[in-house]
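Open the structure in your viewer and show it as a cartoon. The tour below moves from selection to selection and says what is found at each stop.

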Amino acid sequence: MAKYLLLKHYRGAPTAVNCTPMDQWTPEEVTAHITYMQDFAARLEKTGEYVDGQALAPEGAWVRYDGEGRPPVTDGPFAETKDLIAGWMVIDVDSYERAVELAGELSAAPGAGGKPIHEWLELRPFLAMPSTTAECHLR
C-alpha cells in the first residue's frame with residue numbers, strides 16, 4: 001500500500017471545466033458537493049483506502065522561526081501567491097494507477113448547476129523511507 005495526498009486547490013490550479021467559484025454557488029450546490037465528498041470518503045473507508053481528509057478555511061499565515069528568544073515571524077495570509085488550498089484527502093492504495101483513478105473520480109464532484117467540476121487535483125505520494133533492516137536468513 002502507498003499513501004497519496006490529494007490536494008484540492010480553490011485557486012492556483014489549472015482551470016477546471018466547470019470553474020464557477022464556490023462563493024457563487026447556491027446553497028443546494030454547495031450541499032451536493034459536500035455530500036459527494038462525504039459519500040466518496042465513506043466508500044473508501046469501506047475498502048480501507050481512506051486515511052483522512054479535511055476542508056480548509058481560507059484564512060492562514062506563513063510562520064517562520066526567527067532565532068532564540070525572538071517571536072516567530074508571520075506573514076500572510078498566503079503572501080505573494082494567489083494559490084489557495086481548499087482541502088485535502090489522504091488515501092492508501094495498492095498502486096499509483098489506483099490513486100489516479102480515485103483522483104479522477106473525486107475531480108468529478110458536482111459544482112455550479114449540479115454539473116461535475118472536473119477540477120485538477122494535485123496528487124502527491126508520501127515520501128517513503130527505505131527500509132533500514134536487512135533481511136537475515138538462518139540456516
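The stops run from the whole chain to the sheet, then to the helix pair, and end at a single residue.

**Whole chain**

Keep in mind that this is a predicted model. Colour the protein chain by secondary structure: two helices and six strands should appear. Followed from the N terminus, the elements come in the order β-α-β-β-β-β-α-β. The protein chain has 139 residues, of which 27% count as buried. If contacts are taken between residues at least 6 apart in sequence, 73% of them join residues at least 24 apart.

**The four-stranded sheet**

Next, select the sheet. It is an open one of four strands, ordered 2-5-1-6, with antiparallel pairing. Strand 2 (50–55) and strand 6 (121–125) are the edge strands; each has a single partner strand, so one side of each lacks a neighbour in the sheet. Look along the sheet to see the twist, which averages 15° from one strand to the next.

**Strand 1 with strand 5**

Show the backbone of strand 1 (residues 2–11) and strand 5 (residues 84–93). These two strands run antiparallel and are joined by nine bridges. Three positions in strand 1 serve as markers for the register. Leu6 lies opposite Met89 of strand 5, Leu7 opposite Trp88, and Lys8 opposite Gly87. When you turn on the side chains here, recall that in a regular strand they alternate between the two faces of the sheet.

**The other neighbours**

Stay on Lys8 and look across to strand 6, where Leu121 stands opposite Lys8. Strand 1 and strand 6 are paired through five bridges, again in the antiparallel sense.

Now move to strand 2. Five bridges link strand 2 to strand 5, and the two run antiparallel. A marker for this pairing is Asp52, which faces Val90 in strand 5.

Before leaving the sheet, colour strand 5 by accessibility. How many of its 10 residues are buried? Seven are, so strand 5 is largely enclosed by the rest of the structure.

**Helix 1 against helix 2**

Select helix 1 (residues 27–47) and helix 2 (96–107). Two packed helices are described by the angle between their axes and the distance between the axes. For helix 1 and helix 2 the angle is about 155° and the axes are 11 Å apart. This angle makes the two helices roughly antiparallel. Their crossing is right-handed.

Show side chains at the contact. Helix 1 contributes Tyr36, Met37, Phe40, Arg43 and Leu44, while helix 2 contributes Arg98, Leu102, Glu105 and Leu106. By type, the residues of this contact are six nonpolar and three charged, with no polar ones.

**Glu119**

For the last stop, centre on Glu119, which sits in the loop between helix 2 and strand 6. Is Glu119 buried or exposed? Its relative accessibility is 12%, so Glu119 counts as buried; the cut-off for buried is under 20%.

Display what surrounds Glu119, leaving out its neighbours within four places in sequence. The residues in contact with Glu119 are then Lys8, His9, Ala16, His33, Leu106 and Ser107. Two of these names have come up at earlier stops: Lys8 is the residue opposite Gly87 in strand 5, and Leu106 is part of the contact between helix 1 and helix 2.

Key:
Residues are numbered from 1 along each chain as its sequence is written. This is a predicted model: local features need pLDDT of at least 70, side-chain atom pairs count only at pLDDT 80 or more; totals for chains, interfaces and linings use all residues. Side-chain values use heavy atoms; hydrogens and water are left out. Two strands pair if DSSP finds at least two bridges between them. Axes are lines fitted to C-alpha atoms, for helices over the stretch in contact, and angles run from 0 to 180 degrees between N-to-C directions. Buried means under 20% relative accessible area, exposed over 50%, partly exposed in between (1.4 Å probe, protein chains only). Contact means heavy atoms within 4.5 Å. Angles under 35 degrees count as roughly parallel, over 145 as roughly antiparallel, 65 to 115 as roughly perpendicular and the rest as oblique. A crossing is left-handed if the near helix is turned anticlockwise from the far one by less than a right angle, and right-handed if clockwise. Ala, Val, Leu, Ile, Met, Phe, Trp, Tyr, Cys and Pro count as nonpolar, Asp, Glu, Lys and Arg as charged, and the others, Gly among them, as polar.
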